[in-house]
Amino acid sequence: MRTTPPPVPRIAWAGLSLAGGIVVCLAGLFAGLPGAFAALALAAAPIAILWRRSARRWRARRAALNLPFPEDWRRLLRDWSDHYLRLPDALRARFEDDLRIFLVEKQITGVGVEVTDELRLLVAASAVTLSLGWPEYEWEQLHEILLYPDEFDRDYEFGFDDLAGQAHPWGTIILSVPALRESFRVSDDAYHVGFHEFAHLLDLEQTHFDGIPAGFEETQARRWVEIREREMPRMQRGESLLDEYGAHDPVEFLAVAVEAFFEPARALRRADPEMYELLAAYFQQDPAAWDDARGLTFERPARPHLPRPGVRGGRRRPHFRSTV
Ligand SMILES: [Zn+2]
């Protein structure tokens with residue numbers, strides 16, 4: 001089964017060109033040739049600006065991809081990213097390309113944090129893990145990633161064991177650096193603040209989250225709701241592989257399901273084949289099969305409800321705020 005990936009912004013170009021053409025035609029009809037020329041000039045200006053911006057972006061991409069992939073980056077990915085390790089060779093090469101494009105185009109800002117190459121790679125690897133199966137996907141809805149030195153509360157004060165991350169509907173993602181490192185360090189517990197927050201952006205429709213991945217067809221959305229309604233009570237009873245953090249909110253349900261899909265993939269496939277199949281079709285990736293292929297001889301255990309050593313206050317959950 002094939003699932004349509006989230007829409008790419010080429011539609012915006014087509015819409016802009018069409019709108020410009022309509023304006024020119026109307027001006028020609030009502031104001032004659034001089035009006036049409038004036039409208040043409042007005043319509044052409046924003047298109048020219050966008051074209052220049054697009055050309056600049058294309059040149060930056062080409063420059064980044066023309067260089068060999070840095071060996072120390074490859075070593076960092078091998079050390080940190082379990083998904084990178086499980087990929088077939090061809091997809092691993094695409095992962096490296098997507099990661100470079102992401103780093104060229106996306107703004108990562110430290111707030112009291114030095115943004116090292118390692119941190120930039122962990123952020124990019126979080127996003128690229130999700131979008132690897134969609135070659136044209138550009139994370140257009142993402143404007144900036146802010147890295148915080150610690151957990152934070154709802155007033156953005158540090159040192160409170162409350163939020164490990166946030167995804168805002170205007171495209172800003174906040175990630176706590178310790179939580180991000182912890183997410184990559186333990187790769188089988190269905191907890192990953194990076195996957196979680198970027199998954200929220202896949203769910204973004206205009207300016208709100210609705211718990212249905214963008215690009216789902218109607219039948220797939222219906223199946224997703226059925227799966228969710230079946231799974232949420234199990235999560236509330238602590239019987240699910242998915243973290244109970246997503247048991248009461250459709251938006252959080254999607255994010256924790258994505259965490260489980262990309263971490264203990266074989267356990268999710270065994271526990272809920274229908275959910276696994278739907279997510280595999282959506283992401284156009286099959287991490288459980290890749291774990292089979294690399295010859296893991298044990299079922300990677302998920303430990304979603306156990307506190308983690310070294311984590312203050314036990315398990316900490318990422319969170320998002322959907323209001324402006
Ligand atoms: Zn969330």
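**Entry 1: strand S2**

I started with strand S2, residues 144–148. 4 of its 5 residues are buried, so S2 is largely enclosed by the rest of the structure. Buried means under 20% relative accessible area, exposed means over 50%, and partly exposed lies in between (1.4 Å probe, protein chains only). Strands here are DSSP runs of E with at least two residues, helices are runs of H or I with at least four, and both are numbered from the N terminus.

A note to self before going on: this is a predicted model, where local features need pLDDT of at least 70 and side-chain atom pairs count only at pLDDT 80 or more, while totals for chains, interfaces and linings use all residues. Residues are numbered from 1 along each chain as its sequence is written, and side-chain values use heavy atoms, with hydrogens and water left out.

**Entry 2: who pairs with S2?**

Next I looked up the partners of S2. Two strands pair if DSSP finds at least two bridges between them. Strand S1 (residues 107–110) runs parallel to S2, and 4 bridges join them. To get from S1 to S2, the chain goes through helix H5 (residues 117–131), and this β-α-β crossover is left-handed. For the naming: a crossover is right-handed if, with the strands pointing away from the viewer, the path from the first strand over the helix to the second runs clockwise.

I also checked single bridges. Isoleucine 108 has isoleucine 145 in S2 as its bridge partner, and glycine 110 has leucine 147. S2 also pairs with strand S4 (residues 172–176), again in the parallel sense, over 5 bridges. There, tyrosine 148 is matched with serine 176 of S4.

**Entry 3: the zinc ion**

Which protein atoms are the donors of the zinc ion? I found His196 (NE2), His200 (NE2) and two entries for Glu252 (OE), lying 2.0 to 2.6 Å from the ion. A donor is an N, O or S atom within 2.8 Å of the metal (3.2 Å for Na, K and Ca); water is not among the atoms, so sites may look incomplete.

The angles among the 4 donor atoms run from 54 to 143°, and the site is irregular. Four donors count as tetrahedral if all angles lie between 85 and 135 degrees; four count as square planar and six as octahedral if opposite donors are over 155 degrees apart and all others between 65 and 115; anything else is irregular.

Along the sequence, the donor residues are spaced H-x3-H-x51-E. Histidine 200 in helix H7 (residues 193–202) and glutamate 252 in helix H9 (residues 250–262) are 52 residues apart, so I wrote them down as a link between distant parts of the chain. Both histidine 200 and glutamate 252 are buried.

**Entry 4: aromatic rings**

A search of the whole structure gave me 21 aromatic pairs. Rings of Phe, Tyr and Trp (its six-membered ring) pair if their centres lie within 6.5 Å; planes under 30 degrees apart count as stacked, over 60 as edge-to-face and the rest as tilted.

Stacked or edge-to-face for phenylalanine 261 and phenylalanine 283? Their ring centres are 5.7 Å apart and their planes are at 20°, so I call the pair stacked. This pair also links distant parts of the chain, with phenylalanine 261 in H9 and phenylalanine 283 in helix H11 (residues 273–283), 22 residues apart. Phenylalanine 261 has a relative accessible area of 0% and is buried; phenylalanine 283 is buried at 1%.

Tyrosine 282 and phenylalanine 283 have ring centres 5.0 Å apart and planes at 75°, so that pair is edge-to-face. Tyrosine 282 is buried as well, with 1% relative accessibility.

**Entry 5: two loop residues**

I finished with backbone angles. Most residues other than glycine have a negative phi. Tryptophan 139 has a positive phi, near 55°. Tryptophan 139 sits in the loop between H5 and S2 and is buried at 2% relative accessibility. Alanine 190 also has a positive phi, about 60°. Its place is in the loop between helix H6 (177–185) and H7, and alanine 190 is buried, with a relative accessible area of 2%.
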